[in-house]
Amino acid sequence: MSLEGHELRWMKHQTPIVDDVTLTVQPHETLGLLGPNGSGKSSLLQLLASLRTPDTGRVRLGDMPLRHQSRRRIARRLALVEQHATTEADLCVEEVVQLGRTPHRGPLRPWQPEDERIIRQVLERVGLAGMRRRRWHTLSGGERQRVQLARAMAQQPEVLLLDEPTNHLDIQHQLDLLALIRRLALTSVIALHDLNLAAMFCDRLIVMHRGQLVAEGTPATVLTPALIHEVYGVTAVVERSPHHGRLQVHYLPDLPPA
Ligand SMILES: Nc1ncnc2c1ncn2[C@@H]1O[C@H](COP(=O)(O)OP(=O)(O)OP(=O)(O)O)[C@@H](O)[C@H]1O
């Protein structure tokens, strides 16, 4: 299923936070959303997920315009893993993941063995099967991140939006999580700070800067030293890795002598 944002604009205190952004994510494509702190990535994801209403512009999920759609209807097709997702109640891991089934349940569709099977399967896939009874508030940041991904997967969405999902994760879990997202083969948008992970796992990248979309294309066309300097203010060299064949960004700050 495709996801489109057309001329999206969201203002706060007369300042555009997301400023005239148009993008299309093709079915099964993994799109990396890059940009420095405060450039508008989370705000854009919230507009795409219909958690915020744009001042102007529109979002379309497949052939369905999102404006005026119920949250429940959207949640059967699209899931967002937010950056600081939390849960208020004192729930265990399994109960948090069960919340992902909410959009599919209703008075005429109580909890069923199929829901149970889905919960077991997603917990396995994120490597948390052994932690199903652990209380949420006892989990580490990285474990919480994986529980929130499991909850989004339990929604069985066709479109998955992730806001810095590798925050808090150690290297192995960062690589495992992004590889898992690729294997899911959903339409996905992933906000990332790590340019090398973005180059390794994304089909295409977009770059936000001060609320605007300033670059769009394959990692090879987007991740140039000029763009990295312009947007992040950092000097870098970009090469194709002889080891994995993807682009590799080397930062060149002032370093102490080696
Ligand atoms: N509700 C709000 N009210 C006022 N300003 C806001 C609001 N939400 C976001 N902003 C501002 O909009 C800008 C973009 O924020 P956003 O969280 O979208 O950026 P981001 O690219 O996701 O940043 P980060 O990489 O630090 O997570 C920031 O300057 C932020 O302070």
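How do the residues of the shell around the ligand divide into nonpolar, polar and charged? There are 1 nonpolar, 7 polar and 2 charged. The model is predicted: local features need pLDDT of at least 70, side-chain atom pairs count only at pLDDT 80 or more, and totals for chains, interfaces and linings use all residues. Residues are numbered from 1 along each chain as its sequence is written.

**View 1. The shell around the ligand.** Lys-12, Ile-17, Gly-35, Asn-37, Gly-38, Ser-39, Gly-40, Lys-41, Ser-42 and Ser-43 surround the ligand (C-beta atom, placed from the backbone, within 6 Å). Helix α1 (residues 41–48) gives the most, with 3 residues (helices are DSSP runs of H or I, at least four residues; strands are E, at least two). Gly counts as polar, Lys as charged and Ile as nonpolar.

**View 2. The largest nonpolar core.** This core has 66 residues (buried residues, with 20 or more other C-beta atoms within 10 Å, joined through C-beta atoms within 7 Å). Leu-33, Leu-48, Val-97, Val-122, Ala-150 and Leu-161 have the most contacts inside it. Helix α5 (residues 141–154) supplies the largest share, 6 residues. Leu-161 touches Leu-45, Leu-48, Ala-49, Leu-78, Leu-80 and Val-189, leaving out residues up to four places away in sequence (contact: C-beta atoms within 7 Å).

**View 3. The open sheet.** Six strands run in the order β6-β7-β8-β3-β9-β10, with mixed pairing (at least two DSSP bridges per pair). β6 (78–81) and β10 (212–217) are the edges; each has a single partner strand, so one side of each lacks a neighbour in the sheet.

**View 4. The β6–β7 pair.** β6 and β7 (residues 159–163) pair in the parallel sense over 4 bridges. Leu-80 stands opposite Leu-161 in β7.

Methods: Buried ≥ 20, exposed ≤ 12 C-beta atoms within 10 Å, placed from the backbone. Contact = placed C-beta atoms within 7 Å.
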